[in-house]
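Visitor: Please pick one part of this model and take me through it closely. Then set it against the rest of the chain.

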Amino acid sequence: MTRYIALLRGINISGKNKIAMPDLKNCFEDHGFYDVRTYLNSGNVLFSSDTEDDCYCSNKLKKIINHTFGFEIPVFVMKHDALMEILLHAPDWWGNDHKDMYDNMIFLMPSLSYETFYDEIGDPKKEYEKVFHHGQVVFWSYIRKDYQKTNWWSQTAKANCKNKITIRTANTIRKLLEIDDSYKNK
């Protein structure tokens, strides 16, 4: 069994693409995934599968969600252990307790390279935001009170590649891993 984290992009936002988390959990279980847990109402799902292939799980989940709920959304799937490895490479400034900073993790769908993403989004404004890339993830932090002055805040929402990324806060990532660790320790 392989443990995964699935991040669904663009559900339950402003009344669009509504999926109740109990329905999403049941959907995963009905299609052969095990030990399914959800977190928040924004499409964070922890699950186990017999397959070792992230892309297979992602493609299967996209089809299942389209068939079950009637809309197409991007789904980013990563092995739990791969996310743990990526976090070992987080920069010192990311994910700490500085209340004035807002720490995010941008997940790049497998068809999107960091270079293409960066070329499209552009340079961060160094006085307001920091970025660091590792694997399929970009660590991105910005000063909370100055978020509207950042370059990436507006660009990630309107860029052509916006449907090839999904963003989660450091706190959400921590909570997902905490939930998963409690599952493993049962």
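Guide: Contact here means heavy atoms within 4.5 Å of each other. Take the contacts in the protein between residues at least 6 apart in sequence: 71% of them join residues at least 24 apart. A word on the basis. This is a predicted model, in which local features need pLDDT of at least 70 and side-chain atom pairs count only at pLDDT 80 or more, while totals for chains, interfaces and linings use all residues. Residues are numbered from 1 along each chain as its sequence is written, and side-chain values use heavy atoms, with hydrogens and water left out.

The whole comes first. The protein has 6 helices and 8 strands. Both are DSSP runs numbered from the N terminus: helices are H or I over at least four residues, strands E over at least two. From the N terminus the order is β-α-β-β-α-β-α-β-α-β-β-α-β-α. The radius of gyration is 16 Å, close to the 16 Å of the globule rule for 186 residues, so the protein is as compact as a globular protein of that length. That radius is taken over C-alpha atoms, and the rule is 2.2 Å times the number of residues to the power 0.38. Along the principal axes, the C-alpha atoms fill a box of roughly 50 × 35 × 30 Å.

Now the part itself: strand 1. It covers residues 2-8. Of its 7 residues, 7 are buried, so strand 1 is largely enclosed by the rest of the structure. Buried means under 20% relative accessible area, with a 1.4 Å probe and protein chains only. In a regular strand, side chains alternate between the two faces of the sheet. Here both faces are covered. Thr2, Tyr4, Ala6 and Leu8 are buried on one side; Arg3, Ile5 and Leu7 are buried on the other. Across the protein, 45% of the 186 residues are buried.

Next, its sheet. Strand 1 sits in an open sheet of 4 strands, order 2-3-1-4, paired antiparallel. Two strands pair if DSSP finds at least two bridges between them. Strand 2 (34-39) and strand 4 (75-79) are at the edges with a single partner strand each, so one side of each has no neighbour in the sheet. Neighbouring strands are turned by 20° on average, direction ignored. Axes are lines fitted to C-alpha atoms, for helices over the stretch in contact; angles run from 0 to 180 degrees between N-to-C directions.

Strand 1 has antiparallel partners on its two sides. With strand 4 it shares 5 bridges, and Tyr4 has Lys79 as its bridge partner there. With strand 3 (residues 44-49) it shares 6 bridges. Thr2 pairs with Ser49 in strand 3.

Helices pack on this sheet too. Helix 2 (residues 54-69) touches strand 1, strand 3 and strand 4, and its direction makes about 145° with that of strand 4. Helix 3 (residues 80-87) touches strand 1 and strand 4, at about 80° to the direction of strand 4.

Last, the other sheet. It is open, with 4 strands in the order 6-7-5-8, paired antiparallel. Strand 6 (129-134) and strand 8 (165-169) are its edges, each pairing on one side only. Strand 5 (residues 101-108) runs antiparallel to strand 8 over 5 bridges. Asn104 stands opposite Thr169 in strand 8.

Technical notes
Buried means under 20% relative accessible area, exposed over 50%, partly exposed in between (1.4 Å probe, protein chains only).
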